[in-house]
Amino acid sequence: MKGMTVIVKTVTRWVKVFIFLYGIYIIITGHLAPGGGFAGGVIIACSYILLTLAYGKDFALRRLGSRAAHHLDSSGALLFLVVALFGLGSGGLFFANFLQNRYPGAEFSLLSSGTIPISNIAIGLKVAASLFLIFVILAVLRIVLAEDGSQKMIQEEEEE
Amino acid sequence: MGIELYLLILLVFLIVGAIVAVETKNLLSSVIALGAIGFGLSIAFLFLRAPDLAIVQIAVEVVLLIFLIRATIGRDVIPAKGHIHWAGLAIVCLLTAGFFSFGYFAFRSLNEFGSPIIAAVDAAPSNKYLADGLKQTGSANIVTSVLLDYRAYDTLGEATVLFAAVLGALAVLRGRAWSKRGKDK
């Protein structure tokens, strides 16, 4: 997939940072304001999808390779499970909020509510990486008409 | 009546959008109508005072639109065509009418809009979450405290579903793309 025109590229260069930052903001204030890991992760994935659409697949994959996205995806899921297992170990329950029980932070502050921000970050990582991966896979596919009249999916040619 | 009026207008808009999305012949128009439905739904969530859902809905809708346009709109996709089965259409209309009349009487038996039954039961878990959520979890956003503390199992299941979806997409759609990327390295 090739990139778009120079106008789109210039706008993308300015806008992508703000989309990314907004995603991070949604994730880390998920326990204080509307939002959370899922929404923030989708917004971060949006910034990478914008990059892929504007500059082409190869450029975006150089920024975040599919292997790195794999690892981010898996590590997000693992982090979420590790938080849950720590709750099992120290609080006695799977998903027990052990940090809040021991060190309750000030209410309405960024460092409060124990494991919830950590879980938010884990979910955000996971959602962002998996949506980006799905997009990269789908972006190289096209549905075209075969000779016998049926539709089939092909990989897009690079030199288009 | 204020919010209900806006919601009614939005619902009519959503239903019209859904009909357009199903009935239009052009695949791109169908996808765009689907996007209009999604954005209308997110405004409906805002009217229902669910900003968390509205944010998720609008973000997912944008990504979904891009996915659909990229994945389904090819150069040579033939427009959907077909003829109408009148008997099937009549049966569907009858079933829908029955469903709506049943729903009308079911909703008549419920409480007023905005005063859920669960608020009248003191022992309901949601009352406990609302009263003690901030103290027990420390999270000012009660939705997040329910999602990631009280009902974290649900979130774990949701994350598992997403993981399985990515695994399935990778397994089904690899093939040449994968071997090509392997060759580059």
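User: Before anything else, what makes a residue count as buried, and what share of chain B is buried?

Analyst: A residue is buried if 20 or more other C-beta atoms lie within 10 Å of its own. This is a predicted model, and in it 16% of the 185 residues of chain B count as buried.

User: How far should I trust the prediction, and where is chain B scored lowest and highest?

Analyst: Let's start with the overall scores: ipTM is 0.80 and pTM is 0.82. Chain B has an average pLDDT of 83, with 86% of its residues scoring at least 70. Broken down by element, helix H4 (residues 86–108) of chain B has the highest mean, 93, while H8(B) has the lowest, 48. Have a look at residues 177–181 of chain B too, where the pLDDT is below 50. Beyond near neighbours in sequence, that stretch has four contacts in the model. As a general habit, don't read predicted coordinates in detail where pLDDT is low.

User: Okay. What is chain B built from?

Analyst: Eight helices and zero strands. Walking from the N terminus, you'd read α-α-α-α-α-α-α-α. As for contacts with a separation of 6 or more, 40% of those in chain B join residues 24 or more positions apart. The domain assignment gives domain 1 (1–73) and domain 2 (84–115), and the centres of these two domains of chain B, taken over C-alpha atoms, are 21 Å apart.

User: How do I check a helix against its expected length, say H4(B)?

Analyst: Compare the distance between its end C-alpha atoms with what 1.5 Å a residue predicts. The 23 residues of H4(B) should span 33 Å, and the end C-alpha atoms are 33 Å apart, so the two agree. Try helix H2 (residues 27–47) of chain B next: its 21 residues reach 31 Å from first C-alpha to last, close to the expected 30 Å.

User: Which residues are buried in H2(B), and how many are buried in H4(B)?

Analyst: A handy idea first: an α-helix has 3.6 residues a turn, so residues three or four places apart point the same way. In H2(B), the buried residues are Ala33(B), Gly40(B), Leu41(B), Ser42(B) and Ala44(B). H4(B) is hardly covered, and its count of buried residues is zero.

User: What about the loops? Where does Thr24(B) sit, and what does it touch?

Analyst: Thr24(B) is in the loop between helix H1 (2–23) and H2 of chain B. It is partly exposed, because 16 other C-beta atoms lie within 10 Å. Leaving aside neighbours within four places in sequence, Thr24(B) contacts Ser29(B), Ser30(B) and Ala33(B). Thr24(B) and Ala36(B), twelve residues apart in sequence, are 14 Å apart in space, C-alpha to C-alpha.

User: Which residue takes a positive phi just after H2(B), and is it buried or exposed?

Analyst: That's Arg49(B), with a phi of about 60°, although it is not a glycine. Arg49(B) lies in the loop between H2 and H3 of chain B. It counts as exposed because it has 10 other C-beta atoms within 10 Å. Chain A has a case to set beside it: Phe95(A), also not a glycine, has a positive phi of about 70°. Phe95(A) is in the loop between H4 and helix H5 (98–102) of chain A. With 24 other C-beta atoms within 10 Å, Phe95(A) is buried.

User: How do the two chains meet, and which helix of chain B gives the most?

Analyst: On the chain B side, 42 residues are in contact with 50 residues of chain A. Helices H3 (51–72), H5 (125–137), H6 (142–150), H7 (152–173) and H8 (176–184) of chain B each supply at least two residues to that side. H3(B) gives the most, with 13 residues. By type, the chain B side divides into 27 nonpolar, nine polar and six charged residues.

User: And where should I look for a nonpolar core?

Analyst: The general picture is that nonpolar side chains in soluble globular proteins tend to be buried together. Here the largest nonpolar core has 50 residues, and Val42(A), Ala45(A) and Phe132(A) have the most contacts inside it. Among the elements giving two or more residues to this core are helix H1 (6–28) and helix H6 (116–139) of chain A, together with H3, H6 and H7 of chain B. Not counting residues up to four places away in sequence, Phe132(A) touches Ala45(A), Tyr48(A), Ile49(A), Leu64(A) and Ala69(A).

How values were computed:
Residues numbered from 1 in each chain as written. Chains lettered and ligands numbered in written order. Predicted model: local features only at pLDDT ≥ 70, side-chain atom pairs only at ≥ 80, totals over all residues. Contact = placed C-beta atoms within 7 Å. Helix = DSSP H or I, 4+ residues; strand = E, 2+ residues; numbered from the N terminus. Nonpolar A, V, L, I, M, F, W, Y, C, P; charged D, E, K, R; others polar. pLDDT = per-residue confidence, 0-100. Buried ≥ 20, exposed ≤ 12 C-beta atoms within 10 Å, placed from the backbone. Domains from an automatic or database assignment. Expected span 1.5 Å × (residues − 1). Core = buried A, V, L, I, M, F, W, Y, C linked by C-beta atoms within 7 Å.
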